[in-house]
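Please work through the exercises below with the sequence and the model side by side, and try each task before reading its solution.

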Amino acid sequence: MKFIIDKKEYWYKVTLKNLYAKNNEIINTIGLMQNIDEQYQQKLELEEKAHIQEKLIANALMTCKINLKQQIVEAINDVYLDTPMKYSEYLKKYILDKIVDNDNKAIFSNISLSYLQKEYNAGKDMIETTFKMNFNGEDIWVSCIYYILAKENQEDLYAMMILSDINKQKCKELQLTQLAERDGLTGLFNTETMKKKVNDYLQSTQSLENFNILILLDLDNFKAINDTFGHLYGDKVLKDIANILSKKFRSKDLVARLGGDEFVIMLINVNNLTDVERVYQQLVKELNIIYTKDNQTVEISSSLGIAIAPIHGNTFNELYEKADLMLYEIKRNNKCGYKVYDLI
């Protein structure tokens, strides 16, 4: 029964016992109230989890029952195997070999037996990870959920893995994220996103393996483009520059528009500072462009200020400050060139 005590609801188990006289007449009734609120809430949670599991299984791409102690898969899609399959073999055949555009090692670490056991020991009985995989010839985003259960009076620990199609909602989510992260005109990262990505990377252990180089890029004579051809044409030029930058650098490098005609590039994991000089030289050369319209001509170029992590700093702001000083030096003198911090 549910009772309200001090404006809060509690569940109690009420037991009534009659007391009888010698002639079997009831002379009194004793009531015993036992607070079962915690047990009742646990029961509701279990029922809710069971309901969710039923819905997920009904719409699942694939399910499998795993004996975690014995490290075997006993059933796939509710069909028990004549010969249980090793969990490692199951993962390779049905999951890992089908993963698309992701780090298999990182995903495996989230669905390995040791990880599932560790999470269960930490009090978690539901573990979820998401990734992109090829399922029946189509690349889709999936949710991989493990429900872990220790059966009473049994030493074995079981898990039910449920693989579900979340492609539509994931694509919408990624689209919204991209809109929030991107510059509206060029499609490059915006300032806040660039700062976060650079800082996150510089704080990671990966950033310690080699050098990481921040290039601050400003267009020379861009104002003349707007003054001569108009701002719409200026927007076209900015898109041209963004397209050149996007194609020139590696997928792991970061490219952003900070605003106006200022761009920033982060070269990730550079092991030779001498060889990268060619990249600066080529960039300056490629961005020396002549635009012509209605018999009028405007030539633009670029100036680069450069700072290197960890030599010149370990945050976006530290590197930006140094690169900006070098950019000022180039703009003040001949423009159309580059300068690395400390090499003044």
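The exercises that follow concern a predicted model, and each one has a worked solution.

**Exercise 1.** Determine whether Leu16 is buried or exposed, and find which residues form a nonpolar patch with it on the surface.

Solution. Begin by placing the residue: Leu16 belongs to strand S2, which covers residues 8-20. Next, take its relative accessible area, which is 64%; a residue counts as exposed when this value is over 50%, and therefore Leu16 is exposed. Then turn to the surface around Leu16, where Val14, Leu16 and Met33 make up a nonpolar patch whose accessible area together is about 290 Å². Two members of this patch, Leu16 and Met33, are separated by 17 residues in sequence, while their C-alpha atoms are 8.9 Å apart in space. Finally, when residues up to four places away in sequence are not counted, Leu16 touches Thr29, Ile30 and Gly31.

**Exercise 2.** Determine whether Leu258 is buried or exposed, and list which residues it contacts beyond its neighbours in sequence.

Solution. Start again with the location, since Leu258 is found in strand S11, made of residues 254-259. Its relative accessibility is 18%, and the cut-off for a buried residue is under 20%, so Leu258 counts as buried. Leaving out neighbours within four places in sequence, the contacts of Leu258 are Thr191, Leu216, Phe263, Val264 and Tyr320. As a last step, consider Leu188, which is 70 residues from Leu258 along the chain, although the distance between their C-alpha atoms is 9.4 Å.

**Exercise 3.** Find how the reach of helix H8 compares with the expected value, and name which of its residues are buried.

Solution. Helix H8 runs over residues 231-248 and contains 18 residues. From its first C-alpha to its last it reaches 26 Å, which is close to the 26 Å expected at 1.5 Å a residue. The buried residues of H8 are then read off as Tyr233, Gly234, Val237, Leu238, Ile241, Ala242 and Leu245.

**Exercise 4.** Work out how many disulfides the model has, and explain why Cys64 has no bond to Cys144.

Solution. The rule requires two cysteine sulfur atoms within 2.5 Å of each other. For Cys64, the closest cysteine sulfur is that of Cys144, at 7.9 Å, and this is too far for a bond. Applied to the model, the rule gives a count of 0 disulfides. To complete the picture, compare accessibility: Cys64 is buried, because its relative accessibility is 1%, whereas Cys336 is partly exposed, with a relative accessible area of 32%.

Conventions. Residues numbered from 1 in each chain as written. Predicted model: local features only at pLDDT ≥ 70, side-chain atom pairs only at ≥ 80, totals over all residues. Heavy atoms only, no water. Patch = residues over 30% accessible without salt bridge, like charges linked within 9 Å, V, L, I, M, F, W, Y side chains within 5 Å. Areas by Shrake-Rupley, 256 points an atom, 1.4 Å probe, with all protein chains shown as cover. Salt bridge = Lys/Arg side-chain N within 4 Å of Asp/Glu carboxyl O. Helix = DSSP H or I, 4+ residues; strand = E, 2+ residues; numbered from the N terminus. Buried < 20%, exposed > 50% of the residue type's maximum accessible area, 1.4 Å probe, protein only. Contact = heavy atoms within 4.5 Å. Expected span 1.5 Å × (residues − 1).
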